[in-house]
Structures are given as C-alpha cells and as structure tokens.
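Good morning, and thank you for making time for this item. Please look at the sequence and the structure together while I speak.

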Amino acid sequence: MPGWLDVLDDMLTDSQLDSSLAEEADACRSDSDAEQALGIEFVAAATSEPCEPFRRFMLANHKVEHVHPTFAEQNAGKPCILHPRSPSCARPVNADLGVFGTPCDPFSLQRGKRFHDGSVKQHALYSVTFTDALNFLLDPGAPKAVIMEQVEGFNEPESDSESETPMNRQVWKNEVGP
Ligand SMILES: [Zn+2]
C-alpha cells in the first residue's frame with residue numbers, strides 16, 4: 001500500500017511538472033529537503049535570506065540561481081549576491097512553487113508585549129510580512145502556488161482589545177494595491 005508521499009510523487013511525475021521553484025527566506029531549506037526526499041527534480045530559481053551564515057548553509061546544500069539578502073531586494077530585481085555586477089537579477093516569473101517564511105517575532109506568543117495595543121503592527125519586522133511578502137504575492141509574476149510558514153501566534157488576536165488576527169486581516173485588498 002503506497003503512502004501519500006508515493007501517490008504525490010507519482011502524480012507529479014505523471015504530470016511532467018516543470019518544477020522550477022522560487023524559494024524565499026529560511027523556510028526554503030526544509031521544503032527543499034522534502035522535495036529532494038520525494039525525488040522530484042527542481043530548479044531553485046531564487047532565494048532571499050538576510051543572515052549570512054544561513055545563506056552559506058543554504059548554498060552549501062543547494063544550487064540556487066539568484067540569492068538576494070532580502071525579500072524587498074528580490075522583489076525589486078536588484079543585483080543579487082551571486083551577480084553583484086549584473087544590472088539586475090529579476091525575480092522568477094510565475095514559478096511553479098514559492099516557499100517562504102517571514103520573521104515570526106512580531107506575532108510570536110513568546111514575545112512579552114505581544115498583546116499590547118499596536119505592538120504587532122509597530123514591530124520592526126512586521127513589514128517583511130505585510131509589505132514585502134504581500135508585494136511578492138500580488139505581483140503579476142507571482143508563483144503559481146505558494147506555501148507560507150508562520151508561527152502559531154499569527155492566528156491569535158492582534159491585541160487584548162482587538163479580535164482580528166494577523167492571519168484574517170483583510171489587508172490583501174484594502175492596503176496593498178487593487
Ligand atoms: Zn543573480
């Protein structure tokens with residue numbers, strides 16, 4: 001009796017999926033490992049990771065075509081770390097899969113002031129999710145499918161006086177573009 005991973009692997013093989021990947025931030029490592037464990041051929045088209053040791057670890061384990069230090073620079077198509085003399089390193093257009101995790105610090109239940117009014121939105125790393133990731137997702141060249149990883153607190157109320165959570169906020173239409 002095949003497991004579900006075997007079934008998924010067979011489905012993807014049968015469909016001859018063009019498996020180019022756009023991988024983002026630190027979550028890409030574990031998902032790339034999963035792709036490799038499934039034996040699915042893929043091209044890691046681009047990543048972004050601000051931490052240099054993490055980038056070094058990533059590049060020691062995977063061949064990646066473009067490596068940006070931040071989501072915002074990748075979105076802007078700036079020259080990447082591998083091609084600093086290039087006029088630009090454009091982000092992949094309509095890659096089959098985008099995998100990313102944005103910083104959990106603003107949303108984490110481990111943070112002391114997590115439920116104080118305004119503390120989520122005022123956190124310095126909040127914009128990585130609610131500006132950079134949104135721009136990535138709303139771009140016409142966004143991946144065909146996306147896997148996003150976040151911490152459990154992403155689905156908890158923004159503060160003690162608000163019931164809305166970061167996950168169910170209606171930002172997708174109201175705050176960023178049409
Ligand atoms: Zn590049």
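I shall go from the overall layout to the strands, the cores, one helix and one loop residue.

The model before you is predicted. The protein chain holds 6 helices and 5 strands, and from the N terminus on its elements follow the order α-β-α-β-α-β-α-β-α-β-α. Of the 178 residues in the chain, 26% are buried. Among contacts with a separation of 6 or more, 54% are between residues 24 or more positions apart.

Let me turn to the strands. Strand S2, residues 43–48, runs parallel to S3, and 4 bridges join the two. Within this pair, Ala46 stands opposite His66 in S3. Between the two strands the chain passes through helix H3, residues 52–61, and the resulting β-α-β crossover is right-handed. Why do we describe S3 as largely enclosed by the rest of the structure? Strand S3 spans residues 64–68, and 4 of these 5 residues are buried, so the description follows.

That brings me to the cores. The largest nonpolar core has 9 residues: Ala44, Ala45, Ala46, Met58, Val64, Val67, Cys80, Cys89 and Ala95. S2 and S3 each supply at least two residues of this core, and the largest share, 3 residues, comes from S2. A second core, separate from that one, has 6 residues, including Val99, Phe100, Val128 and Ala133.

Next, helix H5, residues 126–138. Its 13 residues reach 17 Å from the first C-alpha to the last, which is close to the 18 Å expected at 1.5 Å a residue. Which residues of H5 are buried? They are Val128, Thr129, Asp132, Ala133 and Phe136. As a general point, an α-helix has 3.6 residues a turn, so residues three or four places apart point the same way. The buried residues of H5 pack against helix H4, residues 71–76, and strand S4, residues 97–101.

Finally, I draw your attention to the loop between H4 and S4, where Asn94 lies. Most residues other than glycine have a negative phi. Asn94 is not a glycine, yet its phi is positive, at about 50°. Is Asn94 buried, exposed or partly exposed? A residue needs 20 or more C-beta neighbours within 10 Å to be buried and 12 or fewer to be exposed; Asn94 has 13 inside 10 Å, and therefore counts as partly exposed.

That concludes my presentation, and I welcome your comments.

Notes
Residues numbered from 1 in each chain as written. Predicted model: local features only at pLDDT ≥ 70, side-chain atom pairs only at ≥ 80, totals over all residues. Pairing = 2+ DSSP bridges. Right-handed = clockwise from strand over helix to strand, strands pointing away. Expected span 1.5 Å × (residues − 1). Contact = placed C-beta atoms within 7 Å. Core = buried A, V, L, I, M, F, W, Y, C linked by C-beta atoms within 7 Å.
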